[in-house]
Amino acid sequence: MALLEVDDLSVRFDSDEGSVHAVDRLSFSLEAGEVLAMVGESGCGKSVTAMSLLRLLPASATLSGAVRFGDRDLLTTDDASLRGVRGREISFVFQEPMTSLNPVFTIGRQIGEVLRHHLKLGRAEAHDRTLELLELVGIPAPARRVDEYPHQLSGGMRQRVMIAIAVACNPKVLIADEPTTALDVTIQAGILDLMRDIRERLGTAILLITHDLGVVADVADRVMVMYAGRKVEEATAGELFAHPQHPYTTGLLAALPRSGRRSIDEPLQEIPGVVPSLAQLPDACAFAPRCPRADEECEQVPPLEPVRPAHPVACFHPGEAVWNGR
């Protein structure tokens, strides 16, 4: 049995202006010690999916389906039980640490609060464990940094503090939402090394949300491609990069810069069009208006079916598509 199983998860936001179907019947699983990457353009439902797993969405959201963690369904469990899961067994690294960390408290106090709440440590024990965590995530001079405020740290160190908070209680699952966004490549590499180290030391499973396929290739075991709130492809990282099947996936890969470009002025490949509005999704393939293979058959919603072993794809015309010769 998988560590975390998501079955037919749907998320809808209702407002006076109508209903937005942000996630549509999404199913996936996460095994112990695995890194599962969720990729796709902004607005495809990645962050909403992650937030829904711990019911962190606003009251305007309606959730259906099931999120099974052990013997519990996190969508129906009571609030008190869920608070025991959040930060203790499943933790979250949010996208922007400067807005997630409290600017008026030291980083030591913010890490210590998690330890005192979930592990019931005393003040001295929490302080000692905080120093260990800062050392674990690679922050130099932890005895000095523990008394500093978020604004005194660089972006990379703030992200490391967020990871320290997330792993403070040795969680079984770590959800990392764009953990390397806005960081330079050297700091990105350090954060990715840190996540690999945490997985190896603690056996933590990681759900990694990103649009950076370079990051995916570096750390992920398995990849789930999202488009317009739906899963359109899933495979191991090696299989997906070697044999992408959905036109959206092949378009994302074709858009990556390549060292063999003839000229720096040569334009990068792009996927024409934009992600459709989630408030007006067609009862058809949502990618069809942007797809070079679309035909009359694509006027229906394609089922998610395996086209290679353990490689399901939601497309009527799967295959290693060609975008401008790629």
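**Close-ups of cavities, pockets and a helix pair**

**View 1. Inside the largest cavity, about 50 Å³ of space**. This is a predicted model, and it holds 2 cavities of 30 Å³ or more. Around the largest cavity sit four cysteines, Cys285, Cys291, Cys298 and Cys315, together with His246, Pro247, Phe287, Ala288 and Ala294. Sorted by class, that lining comes out as 8 nonpolar residues and 1 polar, with no charged ones.

**View 2. The second largest cavity, with a volume of about 40 Å³**. Here the walls are made by Val35, Leu192, Met195, Arg196, Ile206 and Val219. Helix 8 (residues 185–202) gives the most to this lining, chipping in 3 residues. The class split is 5 nonpolar, no polar and 1 charged.

**View 3. The largest pocket, holding about 600 Å³ of space**. Of the 21 residues lining this pocket, Gly87, Phe94, Val114, His118 and Ile165 are the closest to its centre. Strand 6 (90–93), helix 4 and helix 7 (155–166) each put in at least two lining residues, and helix 4 has the largest share, with 5. The lining is a mix: 11 nonpolar, 7 polar and 3 charged residues.

**View 4. The second largest pocket, with about 320 Å³ of space**. It has 18 lining residues, and those closest to the centre are Asp24, Arg230, Lys231, Pro302 and Ala314. Strand 2 (18–30) and strand 10 (230–236) each supply at least two residues of the lining. Strand 2 takes the largest share, with 4 residues. By class, the lining of this pocket counts 11 nonpolar, 2 polar and 5 charged residues.

**View 5. Helix 4 packing against helix 5**. Back to helix 4, which also gives the largest share of the lining in the largest pocket. Helix 4 (residues 107–119) and helix 5 (residues 123–136) pack at an angle of about 115 degrees, and their axes are 9 Å apart. Angles of 65 to 115 degrees count as roughly perpendicular, so that is how helix 4 and helix 5 lie to each other. Their crossing is right-handed.

**View 6. Who touches whom between helix 4 and helix 5**. From helix 4 come Ile107, Gly108, Ile111, Gly112, Leu115 and Arg116; on the helix 5 side they meet Ala126, Arg129, Thr130, Leu133 and Leu134. This contact between the two helices has 6 nonpolar, 3 polar and 2 charged residues.

How values were computed:
Residues numbered from 1 in each chain as written. Predicted model: local features only at pLDDT ≥ 70, side-chain atom pairs only at ≥ 80, totals over all residues. Heavy atoms only, no water. Axes fitted to C-alpha atoms, helices over the stretch in contact; angles between N-to-C directions. Parallel < 35°, antiparallel > 145°, perpendicular 65-115°, else oblique. Left-handed = near helix turned anticlockwise from the far one by under 90°. Contact = heavy atoms within 4.5 Å. Nonpolar A, V, L, I, M, F, W, Y, C, P; charged D, E, K, R; others polar. 1 Å grid on protein atoms, 1.4 Å probe; cavity = no way out; pocket = protein on both sides within 12 Å on 5 of 7 lines; lining within 4 Å. Points joined across faces, edges and corners; volume = space filled by probe spheres on them.
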